[in-house]
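Please look through the sequence and the model below before reading on. The paragraphs that follow lead from one pair of rings to the sheet and the core.

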Amino acid sequence: MARPRRIVLVRHGESVGNADDSVYERQPDHALPLTAAGRAQAVQAGGRLRELFGRERVSVYVSPYRRTHQTLAHLGLDPQVVRIREEPRLREQDWGNWQDREDVRRQKAYRDAYGHFFYRFAQGESGADVYDRVGAFLESLYRSFESPDHPPNVLLVTHGLTMRLFCMRWFHWTVAEFESLSNPDNGELRVLELGDDGHYRLDRPFAHWREPEPYGRTG
């Protein structure tokens, strides 16, 4: 199995929805573009990625949202060394269609009280739902490693919650550990690096906004 040397996760740059949440009442989430600041964040992330990858080949998976496709475009990766696949399972958590701003704010308050992993937005998804589709994507990703010519790098251009849930699934973190983590900033990277012992390690942790509160013993 040709496991990649690195699996890199990057959150999209700032979108117009990140800058002004009233836009969700007028435009669907998947269609929101980057702001000028978001484009600059993607360019900056691209510089770090080009330095990291050098001339090595990269297998890229991108969420089908406009802001992730625009982020990928502004990374400035060499098309001669990348192969790109759109991957719907890496999309943002679904919060429902044509969102009412005040209703979403109420639901976010309910989610904070109920738990980010288990709370399901009305006509949308819970964190657990996203976890399940990320797990299904990982099964496909593992199968791709069976190819003897698999590129030494994998890049996922996705969303903050999806990044945290990917790492939760990969490293077998508990729900309590997930609940304690903050989203990465727009344009921020995380790198899973393959060590000499055959295990992947995260280059740096996610920020914690509280201490984990497990229900019982695990591990």
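**A walk through the model**

Phe117 counts as buried, at 6% relative accessibility, where buried means under 20% relative accessible area, exposed over 50% and partly exposed in between, with a 1.4 Å probe and protein chains only. This is a predicted model, in which local features need pLDDT of at least 70 and side-chain atom pairs count only at pLDDT 80 or more, while totals for chains, interfaces and linings use all residues. Residues are numbered from 1 along each chain as its sequence is written, and side-chain values use heavy atoms, with hydrogens and water left out.

A search of the whole structure finds 13 aromatic pairs; rings of Phe, Tyr and Trp (its six-membered ring) pair if their centres lie within 6.5 Å, and planes under 30 degrees apart count as stacked, over 60 as edge-to-face and the rest as tilted. One of them joins Phe117 and Phe178 edge-to-face, with 5.8 Å from centre to centre and 70 degrees between the planes. This pair links distant parts of the chain, since Phe117 sits in the loop between helix 4 (101-114) and helix 5 and Phe178 in helix 7, 61 residues apart. Helices (H or I, at least four residues) and strands (E, at least two) are DSSP runs, numbered from the N terminus. Phe178 also counts as buried, at 0% relative accessibility.

A further edge-to-face pair is formed by Trp170 and Tyr200, at 5.2 Å centre to centre and 90 degrees between the planes. Trp170 lies in helix 6 and Tyr200 in strand 6, so the pair ties together parts that are 30 residues apart in sequence. Trp170 is buried at 12% relative accessibility, and Tyr200 is buried with a relative accessible area of 8%. Both belong to one aromatic cluster, formed by Tyr142, Phe145, Phe166, Trp170 and Tyr200.

The sheet comes next. It is open and formed by 6 strands in the order 3-2-4-1-5-6, with mixed pairing, where two strands pair if DSSP finds at least two bridges between them. Strand 3 (82-86) and strand 6 (200-202) stand at the edges with a single partner strand each, so one side of each is left without a neighbour in the sheet. Within the sheet, strand 1 and strand 5 (residues 189-194) pair in the antiparallel sense over 5 bridges, and Arg6 stands opposite Glu193 in strand 5. Helix 6 lies across strand 1, strand 4, strand 5 and strand 6, running at about 150 degrees to strand 1; axes are lines fitted to C-alpha atoms, for helices over the stretch in contact, and angles run from 0 to 180 degrees between N-to-C directions.

The largest nonpolar core has 26 residues, of which Ile7, Leu9, Leu141, Leu156, Phe166, Trp170 and Leu192 touch the most other members; such a core is a set of buried Ala, Val, Leu, Ile, Met, Phe, Trp, Tyr and Cys residues joined through side-chain atoms within 4.5 Å. Two or more residues are given to this core by each of strand 1 (6-11), helix 5 (127-144), strand 4 (153-158) and helix 6 (160-171), and the largest share, 7 residues, comes from helix 6. Leaving aside neighbours within four places in sequence, Leu9 is in contact with residues including Leu156, Phe166 and Leu192, contact meaning heavy atoms within 4.5 Å. Apart from this core lies another, of 17 residues, among them Val8, Ala45, Val62 and Leu155.
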